[in-house]
Amino acid sequence: MVRIRAGLSASSVAIAGSAFRIGGIMTGPATMVRCLRPDEVDAYRTIRLEALQRDPEAFGSAFELEASRPIEHFSEQLRNNAVFVAQGDDLIGVAGFARLNGPKIQHKGFLWGMYVRSSCRSTGVGAALLTAVIEHAREQVEIMQLTVAAINEPARRLYTRMGFVEYGRQERALKHGHRYFDEVLMMKSLR
Ligand SMILES: CC(C)(COP(=O)(O)OP(=O)(O)OC[C@H]1O[C@@H](n2cnc3c(N)ncnc32)[C@H](O)[C@@H]1OP(=O)(O)O)[C@@H](O)C(=O)NCCC(=O)NCCS
């Protein structure tokens, strides 16, 4: 099992008006979870596009859409979100967190873009990534939210195991090809 061996380090930078820590959680001898730096945009684009291409039914966005976007689009995602990655020799997983913007909704944040390379799944990488995002989110917001395709049992099990509870369901939320996908809405209270 992947283990968290050390906490995030204390260095901090301002991103989108709020502070977050850059550092790493060691998840095993060769895997670390850390927050991506803005200058790592090429690596981020590569794993983001891989996620959209390999698991199209898991995401609201689409490979064709994002593959056609300029690199600035990905730089902006890194500027406006905290993007955590699991790293071995290469990036093996990614998960994004965005705080909602507005006086009445800024107590909430959203998990998005969760992905672990298929060859690295079922070893605890997803749980380690999510642990890092939750630790980061806890310093900024009171509630974490996410949406997950209803058919995505592995992801739903992971989120439930990490303390998320279902609070709704959006029927036919996504349409991929001729197929519709319901989405389950989940939340975790952080305070
Ligand atoms: C959902 C996803 C992120 C999970 O990542 P993961 O790294 O496999 O997650 P974990 O390893 O922490 O947990 C997965 C399973 O492995 C098990 N596991 C963890 N460590 C293990 C180990 N050392 N040995 C055996 N099993 C282990 C967990 O108990 C869990 O089992 P369960 O599904 O029966 O509950 C991954 O499947 C994925 O990227 N899917 C495609 C994209 C996607 O669906 N994203 C979510 C969008 S909402």
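**Core, strand pairing and ligand shell**

The largest nonpolar core holds 40 residues, and of these Val83, Phe84, Ala95, Leu129 and Val133 touch the most other members. (A nonpolar core here is a set of buried Ala, Val, Leu, Ile, Met, Phe, Trp, Tyr and Cys residues joined through C-beta atoms within 7 Å.) Helix H4 (residues 125-138) puts in the largest share of this core, seven residues. Helices (H or I, at least four residues) and strands (E, at least two) are DSSP runs, numbered from the N terminus. In soluble globular proteins, nonpolar side chains tend to be buried together.

A word on the model: it is predicted, so local features need pLDDT of at least 70 and side-chain atom pairs count only at pLDDT 80 or more, while totals for chains, interfaces and linings use all residues. Residues are numbered from 1 along each chain as its sequence is written.

Back in the core, Val133 is in contact with Phe84, Ala95, Phe97 and Leu111, once its neighbours within four places in sequence are left aside. Contact means that the C-beta atoms of two residues, placed from the backbone, lie within 7 Å.

Strand S5 (residues 82-87) is largely enclosed by the rest of the structure, because five of its six residues are buried. Buried means 20 or more other C-beta atoms within 10 Å of a residue's own, exposed means 12 or fewer, and partly exposed is in between, with C-beta atoms placed from the backbone. S5 runs antiparallel to strand S4 (residues 32-35), with four bridges joining the two; in that pairing, Val33 has Ala86 as its bridge partner. Strands count as paired if DSSP finds at least two bridges between them. S5 also pairs with strand S6 (residues 91-99), again antiparallel, over six bridges, and here Gln87 stands opposite Leu91. The link from S5 to S6 is a hairpin of three residues.

Phe63 sits in helix H2 (residues 63-67) and is partly exposed, since 17 other C-beta atoms lie within 10 Å. Leaving aside neighbours within four places in sequence, Phe63 is in contact with Leu49, Leu52, Gln53 and Pro56. For Leu49, 14 residues away along the chain, the C-alpha separation from Phe63 is 6.0 Å.

As for the ligand, 20 residues surround it, with Ala58, Arg121, Ser122, Gly126 and Ala127 coming nearest. A residue counts as near if its C-beta atom, placed from the backbone, lies within 6 Å. Strand S7 (108-116), H4 and helix H5 (153-161) each supply at least two residues of this shell, and H5 gives the most, five.
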